[in-house]
Amino acid sequence: MLQETLTGFKWMGNRSDTVMQAGKTVLFAFEEAIGFMCGSTVLDKDGVSAAAVTSEMATYVYGQGKTLKTQLEEIYNT
């Protein structure tokens, strides 16, 4: 389910907390001014957690003999 908030991680973190208290899972949040929140471990934009998630994804994709670019192209073409 998509949820819209005002711009800023203050708003997205607060909304994520509300969603989690309702028993739902937060997978990803972002804003157009660059910033990503992957999961709900850190309810703020956090480059370290985003880098860790990207590394985990790259390890999985490379283990399948693909690159991140080819995986993205595959998703796009699906």
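Author: A helix here is a DSSP run of H or I with at least four residues, and helices are numbered from the N terminus. Keep in mind that this is a predicted model.

Reader: Okay, what phi does G65 take, just after helix 2?
Author: Helix 2 covers residues 47-63. G65 comes just after helix 2, and its phi is positive, at about 80 degrees.

Reader: Which pattern does the protein chain follow along the sequence?
Author: There are three helices and two strands to place. On its principal axes, the C-alpha trace spans about 40 × 30 × 25 Å. Reading along the sequence, you get α-β-β-α-α.

Reader: How far does helix 2 reach from its first C-alpha to its last?
Author: Helix 2 has 17 residues, and the expected span at 1.5 Å a residue is 24 Å. The model comes close to that expectation, with a reach of 24 Å.

Reader: What covers the buried residues of helix 2?
Author: The buried residues of helix 2 are S49, A50, A58 and V61. Their cover includes two elements from elsewhere in the chain, namely strand 2 (36-38) and helix 3 (68-77).

Reader: Which element gives the most to the largest nonpolar core?
Author: That core has six residues: F9, M12, V19, V26, A29 and M37. Three of them come from one element, and the top contributor is helix 1.

Reader: S16 is in helix 1, but is S16 buried or exposed?
Author: S16 is found in helix 1, which runs over residues 9-21. Leaving aside neighbours within four places in sequence, S16 is in contact with V26, M37 and L43. Its relative accessible area is 6%, and the cut-off is under 20%, so S16 counts as buried.

Reader: How much of the protein chain counts as buried?
Author: The accessible surface of the chain comes to about 6100 Å², and carbon and sulfur atoms hold 60% of that. Of the 78 residues, the share that counts as buried is 23%.

Reader: What accessible area does the nonpolar patch on the surface have together?
Author: The patch is formed by L27, F28, F30, I34 and F36. One of them, F28, is in strand 1 (residues 28-30), and F28 is partly exposed at a relative accessible area of 45%. Together, the patch residues have about 590 Å².

Reader: Where do K69 and E73 both lie?
Author: The two side chains meet in a salt bridge at 3.6 Å, N to O. K69 is exposed at 60% relative accessible area, while E73 is partly exposed at 38%. The pair is four residues apart, about one turn, and both lie in helix 3.

Reader: Why would a spacing like that suit a pair?
Author: Opposite charges can pair when their charged atoms come close. An α-helix has 3.6 residues a turn, so residues three or four places apart point the same way.

Reader: Which residue does K66 meet in a salt bridge?
Author: The whole structure has two salt bridges, and K66 takes part in one at 3.1 Å, N to O. K66 is partly exposed at 23% relative accessibility. The partner is also partly exposed, with a relative accessible area of 40%, and that partner is E74.

How values were computed. Residues are numbered from 1 along each chain as its sequence is written. This is a predicted model: local features need pLDDT of at least 70, side-chain atom pairs count only at pLDDT 80 or more; totals for chains, interfaces and linings use all residues. Side-chain values use heavy atoms; hydrogens and water are left out. Patches are made of residues with over 30% relative accessible area and no salt bridge: like charges are joined within 9 Å, nonpolar side chains (Val, Leu, Ile, Met, Phe, Trp, Tyr) within 5 Å. Accessible areas come from the Shrake-Rupley method with a 1.4 Å probe; for residues, only the protein chains shown count as cover. A salt bridge is a side-chain nitrogen of Lys or Arg within 4 Å of a carboxyl oxygen of Asp or Glu. Buried means under 20% relative accessible area, exposed over 50%, partly exposed in between (1.4 Å probe, protein chains only). Contact means heavy atoms within 4.5 Å. The expected span of a helix is 1.5 Å times one less than its number of residues. A nonpolar core is a set of buried Ala, Val, Leu, Ile, Met, Phe, Trp, Tyr and Cys residues joined through side-chain atoms within 4.5 Å.
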